[in-house]
Amino acid sequence: MFSIFEKSEKVVKYEEFLNNVLKEDLRKELERRDKLYEDIAAHSQLKQTIDCIRKADLTDGLRTQVDLGSNFYCQAHINCFFITAILWLFPFCSRQYADTSFPYIPLEDIPFELIHFQGNSETGTEDPLCPVLSPKLSGPDFSIHKWIGEKGSEVLKKPEQFAADLNIKSGGVWHPEECQAQYESVIIVPYRNRYEQLEIFLQYIHPFLQRQQLHYRIVVVEQMDDRPFNRGRLLNIGFKEALNLGSPNICFIFHDVDLLPQNDYNIYACTHQPRHMYSSVDIFRYHLPYRSLAGGSFSILVNHFEEINGFSNSFDGWGGEDDDFSFRLHRKGLEFCRFDPQVANYVMLPHKKEVPSPDRFGKLASKKEEDPSKDGLSTLEYKLLKIEYKPLYTHLFVR
Ligand code: NGS
């Protein structure tokens, strides 16, 4: 038998081991993972560059100048063979980074997992209910890449014209006319300084949501100060304000402005479990970067979000708030699900990678020790400077 003293000595030793060895190992592993992401992003940019070169049809190879130093240059001739070799080798090298074996809801089970809310307040009760899966769904959009890069802006219309053509109401609200929607969702987009992406996102996502016959609203929450961008806090604000805006606000979808869903069978409504909406993304060769990822695009019911006290408000700068969110759900036994990777795939609009916040790992570790009721919806403080009901979205300006 151990004495109490011996026991507490053991506890102290375990704690030391946990703090000095395990946490340090975890930090190093996460740093290595980040480095791999950077490599993948760099490879993906390289691929885009190579595609451009290929499109330019350089059958004769590519001529360039190589700086030998002291202003001496020599002519270099790069053969397309080498470019092709790099392209073919990359998938084999990068396979080790990606997890392809996670559990997911297969395509045929999706209708059974979605939660239906019958009786849209906007349409007449005598109207028939819309079907569980809209007949307007068209599956994967292979032309999605036209929205990417410089060409994206060429397909854009004036917002007023676009809203009139698609019958979108002021504030970015829409519901089908021919039937009562069975799904009511509000899409919250945290935002600052990415106007080109926002325009593309809106003009892509409205028709996408309309094909799904949802009753929906798009809310953009803009951070109006110069402090580091705080995604979690903006999403908490969007949640609180959207509840005040009234219907539709049953299912919440937290969505980054740089992600476009590629397949409209990825229904933007809530499932019984919370759902990480992407199973694969083009910049990671249509793989999921890691299993506990909850970032980018996530759907959750109001009561589940309240149960975990929303996001932490303390993650200033890029990274970590979604990992903390994932842990909050896990702590409450609210494991999240994903749809079939054939369906839940996304394209990311290209942009310069944000500089990750240096203290995100420390914060993550300390938040794991803390009770989530001490930081989140319940402790949220902010100033709503203005609300504008724009043709394609409700714009909240906050500080
Ligand atoms: C992880 C970040 C997450 C982020 C994820 C995916 O490393 O916040 O990468 O990034 N976690 C930490 O930094 C602790 S992305 O694919 O968007 O580049 O969401």
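Pro248 sits in the loop between α7 (231–245) and β6. In this predicted model, the peptide bond that joins Ser247 to Pro248 is cis, with omega at about 0°.

Two further backbone features also fall in loops. Gln213 lies in the loop between α6 and β5, and its phi is near 55°, a positive value in a residue other than glycine. Gln213 counts as buried because its relative accessibility is 4%, and the cut-off for buried is under 20%. Asn309 is found in the loop between α8 (302–307) and α9 (321–331). The phi of Asn309 is near 65°, again a positive value in a residue that is not glycine. With a relative accessible area of 9%, Asn309 is buried.

These loops belong to a protein with 10 helices and 13 strands. Of its 399 residues, 47% count as buried. The protein exposes about 20,600 Å², and carbon and sulfur atoms supply 56% of that area. Among contacts between residues at least 6 apart in sequence, 81% join residues at least 24 apart.

The interior comes next. In soluble globular proteins, nonpolar side chains tend to be buried together. Here the largest nonpolar core has 59 residues, of which Ile187, Leu209, Ile218, Leu260, Tyr268 and Val281 touch the most other members. The elements that each supply at least two residues of this core are α5 (159–166), β4, α6, β5 (215–223), β6 (251–255), β7 (259–261) and β11. The biggest contribution to this core is that of α6, with eight residues.

Ile218 can serve as a view into this core. Leaving aside neighbours within four places in sequence, Ile218 is in contact with Ile187, Val189, Leu202, Ile205, His206 and Leu209, among others. The contacts of Ile218 also include Gly171 and Gly172, as well as Leu392, Tyr393 and Thr394. Apart from the largest core lies another, of 27 residues, among them Ile188, Leu235, Val302 and Ile308.

Two of the strands that supply the largest core, β7 and β11, also take part in a sheet. This is an open sheet of three strands in the order β7-β11-β9, with mixed pairing. β7 and β9 (280–281) stand at the edges with a single partner strand each, so one side of each has no neighbour in the sheet. The pairing of β9 with β11 is parallel and runs over two bridges. Ser280 has Asn345, in β11, as its bridge partner.

The charged side chains complete the picture. The structure holds 15 salt bridges. In one of them, Lys136 pairs with Glu178, and their closest N and O atoms are 2.9 Å apart. This pair links distant parts of the chain, 42 residues apart: Lys136 is in the loop between α3 (110–113) and α4 (151–154), and Glu178 is in the loop between β3 (173–174) and β4 (184–191). Lys136 is partly exposed, at a relative accessible area of 44%, and Glu178 is partly exposed as well, at 40%.

A second salt bridge joins Glu354 and Arg194, with the closest N and O atoms 2.9 Å apart. Here too the pair links distant parts of the chain, 160 residues apart: Glu354 lies in the loop between β11 (345–348) and α10 (360–369), and Arg194 in the loop between β4 and α6 (195–211). Which of the two partners counts as buried, and which as partly exposed? Arg194 counts as buried because its relative accessibility is 18%, under the cut-off of 20%. Glu354 has a relative accessibility of 37% and therefore counts as partly exposed. These two residues are not an isolated pair, since Arg194, Asp258 and Glu354 are linked in a network of salt bridges.

A further salt bridge is formed by the side chains of Lys363 and Asp359, at 3.7 Å from N to O. Lys363 counts as partly exposed at 21% relative accessibility, because the buried class ends at 20%. Asp359, with a relative accessible area of 41%, is also partly exposed.

How values were computed
Residues are numbered from 1 along each chain as its sequence is written. This is a predicted model: local features need pLDDT of at least 70, side-chain atom pairs count only at pLDDT 80 or more; totals for chains, interfaces and linings use all residues. Side-chain values use heavy atoms; hydrogens and water are left out. A salt bridge is a side-chain nitrogen of Lys or Arg within 4 Å of a carboxyl oxygen of Asp or Glu. Helices (H or I, at least four residues) and strands (E, at least two) are DSSP runs, numbered from the N terminus. Buried means under 20% relative accessible area, exposed over 50%, partly exposed in between (1.4 Å probe, protein chains only). Contact means heavy atoms within 4.5 Å. Accessible areas come from the Shrake-Rupley method with a 1.4 Å probe; for residues, only the protein chains shown count as cover. A nonpolar core is a set of buried Ala, Val, Leu, Ile, Met, Phe, Trp, Tyr and Cys residues joined through side-chain atoms within 4.5 Å. Two strands pair if DSSP finds at least two bridges between them.
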